[in-house]
Amino acid sequence: MSKKYEIRDNKYVVTHKDGSEIQVSLEKHKELLSDYCVRKETVENICLKYSLGRAGLERYRRALGFTRDSIPVSDEEVL
């Protein structure tokens, strides 16, 4: 299965079909994972904190493959 994101300039980058990108620094990604998976912050709070719209957060979450029940560790940290 091919990745739906790339790491560029110390950021996770998700590119949408229309060419728009969502970029989150590696450091912010760890915080976002913790907020979403461990602290169970609301989608609204996460969107505000990380300047993402609901659709952007959903696109980002799907591309990186995490859910509320995920362990807050990226694939790259496991490898």
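**Glu58, with a relative accessible area of 30%, is partly exposed.** Here that label covers values between buried, under 20%, and exposed, over 50% relative accessible area, computed with a 1.4 Å probe on the protein chains only. Look for Glu58 in helix α3. From there to Glu27, the C-alpha to C-alpha distance is 19 Å, and the two residues are 31 positions apart in sequence. This is a predicted model, in which local features need pLDDT of at least 70 and side-chain atom pairs count only at pLDDT 80 or more, while totals for chains, interfaces and linings use all residues. Residues are numbered from 1 along each chain as its sequence is written, and side-chain values use heavy atoms, leaving out hydrogens and water.

**The whole chain holds 4 helices and 3 strands.** Helices (H or I, at least four residues) and strands (E, at least two) are DSSP runs, numbered from the N terminus. Follow the chain from its N terminus and you meet the elements in the order β-β-β-α-α-α-α. Taken along the principal axes, the box filled by the C-alpha atoms is roughly 30 × 30 × 25 Å. Of the 79 residues in the chain, 32% are buried.

**Leu57, also a residue of helix α3, appears here together with Asn10.** The relative accessible area of Leu57 is 3%, so Leu57 is buried. Along the chain, Leu57 and Asn10 are 47 residues apart, and their C-alpha atoms are separated by 19 Å. Asn10, by contrast, counts as exposed, because its relative accessibility is 57%.

**Three aromatic residues, Tyr36, Tyr60 and Phe66, make up one aromatic cluster.** Searching the whole structure gives 3 aromatic pairs. One of them joins Tyr36 and Phe66 edge-to-face, with 5.4 Å from centre to centre and 80° between the planes. Tyr36 belongs to helix α1 (residues 26-38) and Phe66 to the loop between α3 and α4 (75-78), so this pair ties together parts that are 30 residues apart in sequence. Tyr36 and Phe66 are both buried. Phe66 also pairs edge-to-face with Tyr60, at 6.3 Å centre to centre and 75° between the planes. (Rings of Phe, Tyr and Trp, the last by its six-membered ring, pair if their centres lie within 6.5 Å; planes under 30 degrees apart count as stacked, over 60 as edge-to-face and the rest as tilted.) How accessible are these partners? Tyr60 has a relative accessible area of 0% and is therefore buried, and Phe66 counts as buried at 4%.

**Arg68 lies over the face of the Tyr36 ring.** The distance to the ring centre is 4.1 Å. A charge sits over a ring if NZ of Lys or CZ of Arg is within 6 Å of the ring centre and within 35 degrees of the ring normal.

**The largest pocket offers about 150 Å³ of space.** Its lining consists of Lys4, Val14, Thr15, His16, Lys17, Arg59, Arg62 and Ala63. Two elements, β2 (11-15) and α3 (54-64), each supply at least two of these lining residues. Helix α3 gives the most, with 3 residues. On a 1 Å grid over the protein atoms alone, a pocket is an open set of points where a 1.4 Å probe fits, with protein on both sides within 12 Å along at least five of seven lines; lining residues have an atom within 4 Å of a point. Points are joined across faces, edges and corners, and the volume is the space filled by probe spheres set on them.

**Two loop residues, Asn10 and Ser51, have positive phi values without being glycine.** For Asn10, phi is near 60°. Asn10 sits in the loop between β1 (6-8) and β2. For Ser51, phi is about 55°. Find Ser51 in the loop between α2 (43-50) and α3. With a relative accessibility of 67%, Ser51 counts as exposed.

**Val73 is part of the loop between α3 and α4.** Val73 counts as partly exposed, because its relative accessibility is 37%. Val13 and Val73 are 60 residues apart along the chain, with 17 Å separating their C-alpha atoms.
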